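Let us walk through this structure step by step, going from strands to helices and back again. Please keep the sequence and the picture side by side as you read.

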Amino acid sequence: MTPLPKMMVAPNGARLTKADHPALPITLPEIVTCTRACRDAGADGLHLHLRDTDQSHLLDVGAYREALAEFSVKLPGFPVQITTEAVGQYDPAAQREVALESGASLVSASVRELCRDPIDATRAFYEECAARGIAIQHILYDASDGELLAEVLPKDVLQSPDLQLIYVLGRYTAGQVSDRHDLDAFLNWATRHEISPDWAICAFGQNETASLVYAAQKGGKCRVGFENSRLHADGRVASDNSERVREVIKAVQAPTE
C-alpha cells in the first residue's frame, strides 16, 4: 500500500466556498495551482475534493479520473488522495463506486458513512480495495467509530501496520473548535486494540496548529488546510493554503521546550 504523506494538504473540503475565503480553490485548475504552491511550501500529498459549477460537493468517477490524469501531468508523482465524503448527498453505493472505479490509489472513507449499508457490504468493499491495492484511510470521528471499524475489518487487516486512519478533532458545528487532547481518546482506543496503524489527524479552527504539533509529537502525521481551518495559531486569517502549510511545518519542526 502507498503510505500516508507526512504533511497532506486539504485545501477546500466539501462545504466552504469563495464567500468564506477568496483563495479557496474550487475549479480543477485552481486546485492544481494551489497544490503546487503547497508542495513548494513543504506539503507532500493532497486530499482532493471536487466541486461542480455551483461550487457544490461532487463525487463522480469521470470527474475524478479527469482530475487524477491532470495531476499526473501537472504534478507527476505527487500523491493524491480522493475523498468519498457523503455530505448528505451520496449513498454508500456511490461512495464505493468512486473509490473502486476512479483509478485512485489513495482514498479517504468514513466507516460511519459506509456502514449505513449492511456491515457485510462494507466488509466486502474493504476486501476489494485491499485486493486492488487501494489504500483506504479510514475516517474516525470518535472512538465509537473505531469500535465499529474493529467490528467490520478482519482482524489481520485491523492489526496490519498498513492500516491507515485519520482522527478528526472537532467538528464543523460547535464553532469549529478542537483541542489537542481530543487525540488522547483515539490513542487509547488504538492501545486497547493493540494496533499500530499509519495515522494522521485533522483539527478544526484556531487550534489546528497546536493539535497537529501534538500529533506529530505522538508519532502521527498531519493534514492541514482550509478544509479544517483558515486560522493561524494567533488567530490571523491565512492568505492561502500554502501559508498554513508553512506555519504548521515551522511549528512541527520547532524545538520542544
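In this predicted model, a good place to begin is strand β1, residues 7-9, which pairs in the parallel sense with strand β2, residues 45-48, over two bridges. Within this pairing, Val9 has Leu46 of β2 as its bridge partner. In general, the strands of a sheet pair through backbone hydrogen bonds, and they may do so in either a parallel or an antiparallel way.

From this pair one can move on to the whole sheet, in which eight strands close into a barrel, following the order β1-β2-β5-β6-β7-β8-β9-β10 with parallel pairing. On average, and ignoring direction, neighbouring strands of this sheet are turned by 25° against each other.

Helices lie against these strands. Helix α2, residues 61-74, lies across β2 and β5 (80-83), and runs at about 165° to β5. Helix α6, made of residues 143-152, packs on the sheet as well, where it touches β7 (135-140) and β8 (164-169), and its direction makes about 140° with that of β7.

Helix α5 deserves a slower look. With 14 residues, numbered 119-132, and 1.5 Å for each residue, α5 should span 20 Å, and this agrees with the model because its end C-alpha atoms are 20 Å apart. Which residues of α5 are buried? They are Thr122, Phe125, Tyr126 and Cys129. Seen down the axis of α5, these buried residues fall within an arc of 95°, and therefore they line one face of the helix. Among the elements that cover them are α3 (92-101), α4 (111-114), β7 and α6, whereas the face turned away from the buried side carries the exposed residues Asp120 and Ala131. Just after α5 comes Gly133, which takes a positive phi of about 75°.

The walk ends at strand β8, which is joined to the parallel strand β7 by four bridges, with Gln137 having Gln164 of β8 as its bridge partner. Strand β8 also pairs with strand β9, residues 198-203, in the parallel sense over six bridges, and here Tyr167 stands opposite Ile201 of β9. Is β8 mostly covered or mostly open? Six of its six residues are buried, so to speak of β8 as mostly covered is fair. Gln164, Ile166 and Val168 point one way from the strand, while Leu165, Tyr167 and Leu169 point the other way, and all are buried.

How values were computed. Residues are numbered from 1 along each chain as its sequence is written. This is a predicted model: local features need pLDDT of at least 70, side-chain atom pairs count only at pLDDT 80 or more; totals for chains, interfaces and linings use all residues. Side-chain values use heavy atoms; hydrogens and water are left out. Two strands pair if DSSP finds at least two bridges between them. Axes are lines fitted to C-alpha atoms, for helices over the stretch in contact, and angles run from 0 to 180 degrees between N-to-C directions. Contact means heavy atoms within 4.5 Å. The expected span of a helix is 1.5 Å times one less than its number of residues. Buried means under 20% relative accessible area, exposed over 50%, partly exposed in between (1.4 Å probe, protein chains only). The arc is that of the directions from the helix axis to the C-beta atoms.
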